[in-house]
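Let's take a look around this protein together. Keep the picture handy as you read.

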Amino acid sequence: MKLTGPSRPPREPQRPAIILAHAIVVRTSPAEGGVGAEDIGKVEVWYDAGIRDAFAALAVVSASGERVDKRDAAIDSADPSHVSVSVNRLTPGKYTARYRALSADGHLVSGAWEFEVRP
C-alpha cells in the first residue's frame, strides 16, 4: 500500500520581476517655492535614481518667458541622478525651472518647479 498526501497543483515557473522605475525628483536647488540668491550660479535637480543621457534637459525661464540659463544642462559624471544648468546673475523676480529626463525604464518624465530671487 502506498500512502500519498493531498495533490498539489503544478508550480508555475517563476517570471522575472518587471522593474518600472520612473525617475522621481527628490530635491531641487533652489527648492520648489524657495528663494535663490541673485548670484546663484546654477540651478540643480536630483532624481531618485540615475537617468539616461538622452533627452536630459533643464531650463530656467523668467516670469516674462525669457530663457535665462546658459543652455549647458548636463548630468553629473560622478552622480547620474544629478543634473545642473548654469545661469547668469538673476534679477529679482519669479523663475520656473523645467526639467525632462529619460528614466532607467525608458519612460520620459518632465515637469517644472518655481522659485524666486529676492534682492
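Leaving out its neighbours within four places in sequence, His82 is in contact with Glu44, Val45, Trp46, Ala74, Ile75 and Asp76. You'll find His82 in strand β6. Keep in mind that this is a predicted model. Is His82 buried or exposed? His82 has a relative accessible area of 9%, and since buried means under 20%, that makes it buried.

Now for the greasy part. The largest nonpolar core has 20 residues, and those with the most contacts inside it are Val43, Tyr47, Leu58, Val60, Trp113 and Phe115. Strands β3 (42-47), β4 (52-62), β6 (79-86), β7 (93-102) and β8 (108-117) each supply at least two residues of this core. Take Val43: not counting residues up to four places away in sequence, it touches a list of residues including Leu58, Val60, Trp113 and Phe115.

On to the charged pairs. How many salt bridges are there? The count comes to 4, and the table shows three, with the N to O distance for each.

| Pair | Closest N to O distance |
|---|---|
| Glu38 and Arg89 | 2.9 Å |
| Arg67 and Asp69 | 2.7 Å |
| Glu116 and Arg118 | 3.7 Å |

Glu38 sits in the loop between β2 (35-36) and β3, and Arg89 in the loop between β6 and β7, so their salt bridge ties together parts that are 51 residues apart in sequence. Arg89 is exposed, at 60% relative accessibility. In the next pair, Arg67 is partly exposed at 33%, whereas Asp69 is buried at 8%. As for the last pair, Glu116 is partly exposed at 25%, and Arg118 is partly exposed at 48%.

Notes: Residues are numbered from 1 along each chain as its sequence is written. This is a predicted model: local features need pLDDT of at least 70, side-chain atom pairs count only at pLDDT 80 or more; totals for chains, interfaces and linings use all residues. Side-chain values use heavy atoms; hydrogens and water are left out. A nonpolar core is a set of buried Ala, Val, Leu, Ile, Met, Phe, Trp, Tyr and Cys residues joined through side-chain atoms within 4.5 Å. Buried means under 20% relative accessible area, exposed over 50%, partly exposed in between (1.4 Å probe, protein chains only). Helices (H or I, at least four residues) and strands (E, at least two) are DSSP runs, numbered from the N terminus. Contact means heavy atoms within 4.5 Å. A salt bridge is a side-chain nitrogen of Lys or Arg within 4 Å of a carboxyl oxygen of Asp or Glu.
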